[in-house]
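Please find below my notes on this model, set out as numbered points. They take up strand pairing first and aromatic contacts afterwards.

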Amino acid sequence: MRSTPPSPRRWYGSHAHVRTRRSLRVSSDSASRLLRCGQCDRCQDCGNRIEWYHRTNERPIPLHPHELPTKNVPAAWHWHVSSGVAHPAGDGSGWCRLPHAMLCPARDNLPAVPELTGLRRALAVNTRRLIDSGRFVLPSAVPNPEASQMTACRPPRPVVQLLYVRYIANRPVDAIQCVAQTRRRHRCGRPLLTSESRPGVWTLVPTTPADGQLPLPGAVMAVYALTGLPYAEQLRWRAQRCPEHAAAPTAADVAVAEWEPFDPLIHHEHIHTRLPTLSRGQGAAGRIRRGPQP
């Protein structure tokens with residue numbers, strides 16, 4: 001007969017409950033296939049792998065996908081992840097996370113850290129390998145003969161207002177891509193702004209500060225306003241889905257929505273005080289509401 005082993009007890013005699021660790025998983029009836037943290041992606045500048053996490057202020061940050069010894073990383077670059085949230089400090093252990101911006105081979109003016117030189121060189125070699133195999137194209141290699149003229153009429157990171165909240169996008173309005181999964185298990189390549197959908201309106205609004213910030217000078221900025229669209233259409237933009245996948249809620253998400261809460265102090269370099277020109281901006285990015293030019 002097999003005897004039952006005695007249950008573990010604490011030093012004061014009560015039973016000790018053994019807790020088993022369970023890995024994070026997505027519910028089988030969830031429309032999304034993504035966890036809240038650690039979303040795998042590739043850097044748009046170098047093509048290397050990154051992991052997206054959210055900070056305490058809900059701003060996303062790309063981290064290097066592997067931990068590094070704290071002795072090899074400057075103290076100002078130490079990050080750690082706790083309960084799915086990234087914190088800009090060490091947790092007291094001998095390992096830490098590192099922002100990808102401090103290792104990206106596409107950046108030139110990075111501080112020289114001998115302990116990280118080998119890792120940065122390995123990422124640069126991987127970037128060259130991706131370019132040679134055709135799996136990655138440098139942003140500077142994309143032909144754009146009118147880049148200087150397009151800057152004023154097609155902001156690379158526009159400020160979008162929807163559901164009475166201002167967000168900053170990671171790409172131009174007409175290039176925001178759907179995050180849903182296709183039947184071939186790839187990301188949908190259709191944009192949110194189509195010829196059949198109703199566009200937003202470019203307008204000039206006051207540059208109001210966020211909560212808890214000092215008042216800003218009386219300036220205005222260009223905002224792509226979607227508040228005039230129906231509520232369901234604004235929800236579609238907020239979920240970052242094309243009209244086809246918005247009608248199919250069971251389709252999974254394979255990428256995180258790229259909306260970032262707009263902060264006029266943090267994103268001051270993306271504030272434009274003039275509206276996009278009518279000849280270039282009307283066709284792709286919607287109508288333009290003329291206002292007083294500063």
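1. The model is a predicted one, and I would begin with a single cross-strand position, where Leu 162 stands opposite Val 165 of strand E9. These two residues belong to an antiparallel pairing in which strand E8 (residues 159–162) and strand E9 (residues 165–168) are joined over four bridges.

2. The hairpin of E8 and E9 has two residues between its strands, and in this hairpin Leu 163 takes a positive phi, near 55 degrees.

3. Strand E9 also has a pairing with strand E12 (residues 260–261), the two running antiparallel and being joined by two bridges. Within this pairing, Ile 168 is found opposite Glu 260 of E12.

4. Turning to the aromatic side chains, a search of the whole structure finds three aromatic pairs. In one of them, Tyr 224 and Trp 237 have ring centres 6.4 Å apart and ring planes at 50 degrees; an angle over 60 would count as edge-to-face and one under 30 as stacked, so this pair is classed as tilted.

5. Where in the chain do Tyr 224 and Trp 237 lie? Tyr 224 is in strand E11 (residues 220–225) and Trp 237 is in helix H3 (residues 231–239), with their positions 13 residues apart in numbering, and the pair thus links distant parts of the chain.

6. Are Tyr 224 and Trp 237 buried or exposed? Both residues are buried, and together with Trp 202 they form one aromatic cluster.

Note on methods: Residues are numbered from 1 along each chain as its sequence is written. This is a predicted model: local features need pLDDT of at least 70, side-chain atom pairs count only at pLDDT 80 or more; totals for chains, interfaces and linings use all residues. Side-chain values use heavy atoms; hydrogens and water are left out. Rings of Phe, Tyr and Trp (its six-membered ring) pair if their centres lie within 6.5 Å; planes under 30 degrees apart count as stacked, over 60 as edge-to-face and the rest as tilted. Buried means under 20% relative accessible area, exposed over 50%, partly exposed in between (1.4 Å probe, protein chains only). Two strands pair if DSSP finds at least two bridges between them.
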